[in-house]
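This report covers the domain layout, the ligand shell and one group of strands. The sequence and structure come next.

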Amino acid sequence: MTDTTAHDIMIRLDGLSKRYPGQQRDAVASLDLDIRRGEIVVFVGPSGCGKTTTMKMINRIIEPSTGRILLDGEDVTEANPDQLRRRIGYVIQQIGLFPHLTIGENIATVPKLLGWKKDRIAARVDELLTTVGMDPEEYRDRYPKQLSGGQQQRIGVARALGADPEVLLMDEPFGAIDPITRDRLQNELLRLQAEMRKTIVFVTHDIDEAIKLGDRIVILQEGSRIAQYDTPERILTAPANDFVRSFIGRGASLKRLNLTRVADVPLREWPTVDIDTPPEAALEVLRGVPESALLVVDGAGRPVSWLLADDLRAPEGRPLSALGTPIDHTVEPRATLSDVLNELITARHSVSVVLDDTGVARGVIDFDQINETIREMRSVAVGEARAGLAEVGSGAAPQERE
Ligand SMILES: Nc1ncnc2c1ncn2[C@@H]1O[C@H](COP(=O)(O)OP(=O)(O)OP(=O)(O)O)[C@@H](O)[C@H]1O
């Protein structure tokens, strides 16, 4: 079913089911899922589909009715839950900080349980506060209610990381947080993960959050049935069925643009002239190219202005620096195509100048390239899915249509 070796799989759910007492139906019905080491896998699905139940079975807060859970190759279905939870950090929406303990004591919970020495715990608390971007001096002795919601959520993450667990379970951790703070916390999680490379299972209702954070996304239907398990790119470009399509909602192409960065796209070259060029010579250059404008650059290659034929017809002795329209926007290689599209929609020109880190113009990007990229992503995704490369436990074969 997969080209991954057993060693790559950190969590394996094998026929995992849960029926709550007195219920007619399984909340989770025979779920098979492999989660690779070091990846963020996001569970997304409608309310009641079994996301939280699945998550809580992984750390055995809820006991499965049938099936097995393997952690790093070891069957932990019958393991001691307390020991298991030391290997698995858990972050939830309501944060669950102990109100009567200080921030430092909250973060120290698991290391204390593990019997670490005082000095080691104190050093770890300060290290974790720093990791989540909070000054230890300022925050370690405060109580949870003396922090903002976003700060409390950071402490929730720090506490879950206390004993350096192999796995982090995060159940809608940013659900109750305002959109700006949520965006910041998402970015912080991605930055942290770039260093930590933990195996993270993340639950959300929000497909945009899933696309932003997930190395892979599991789209779940009722009973935790997998509608599709795939990369964000492939979910957006080749949804497996109508359920996935409706879950993504309208605007799949726009969401896709968030996944591609300018650096990933071949840039278009644009005719440039140096700012010291005499206007007559610039007009000659313009006549010799198919483009309707020239890009004026300074001595270092930094973009200065756009120059149209009209600007050059009657220069009346003025140098290039006094002609044309100043460049009103530029993009960096790290910008997403979604950022570029935003720029293009609001800008006066239909191309954006791409700068490198030193501010030098490296080329331009325009609507056509964005279009072309979307088409390519789509054909690659559909081709891969058809070739059966959909890797770890993916769902049904994607169909080629939006
Ligand atoms: N303790 C319980 N007893 C009986 N049924 C339960 C219990 N907990 C959850 N359920 C049911 O199991 C199903 C799955 O619930 P679960 O909380 O796992 O879903 P979810 O996908 O996490 O939902 P949400 O997104 O709303 O949090 C639901 O139908 C729910 O009503």
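Which domains does the domain assignment of the chain give?

## Domains

The model is predicted. The assignment splits the chain into domain 1, residues 6–255, and domain 2, residues 263–371. Between the C-alpha centres of domain 1 and domain 2 the distance is 46 Å.

## Ligand shell

Around the ligand are Tyr20, Gln23, Ala27, Gly45, Ser47, Gly48, Cys49, Gly50, Lys51, Thr52, Thr53 and His205. Sorted by class, this shell holds 3 nonpolar, 8 polar and 1 charged residues.

## Strand β12 and its partners

Strand β12 spans residues 293–297, and 4 of its 5 residues are buried. Strand β11 (residues 272–274) runs parallel to β12, and 3 bridges join the two. The chain passes from β11 to β12 by way of helix α13 (residues 279–287), a β-α-β crossover that is right-handed. Within the pairing of β11 and β12, threonine 272 lies opposite leucine 295 of β12.

Strand β13 (residues 303–308) is antiparallel to β12, with 5 bridges between them. Valine 296 has serine 305 of β13 as its bridge partner. Together β12 and β13 make a hairpin, with 5 residues separating the strands. In the turn of this hairpin, glycine 301 has a positive phi of about 90 degrees.

Technical notes. Residues numbered from 1 in each chain as written. Predicted model: local features only at pLDDT ≥ 70, side-chain atom pairs only at ≥ 80, totals over all residues. Near = placed C-beta within 6 Å. Nonpolar A, V, L, I, M, F, W, Y, C, P; charged D, E, K, R; others polar. Buried ≥ 20, exposed ≤ 12 C-beta atoms within 10 Å, placed from the backbone. Helix = DSSP H or I, 4+ residues; strand = E, 2+ residues; numbered from the N terminus. Pairing = 2+ DSSP bridges. Right-handed = clockwise from strand over helix to strand, strands pointing away. Domains from an automatic or database assignment.
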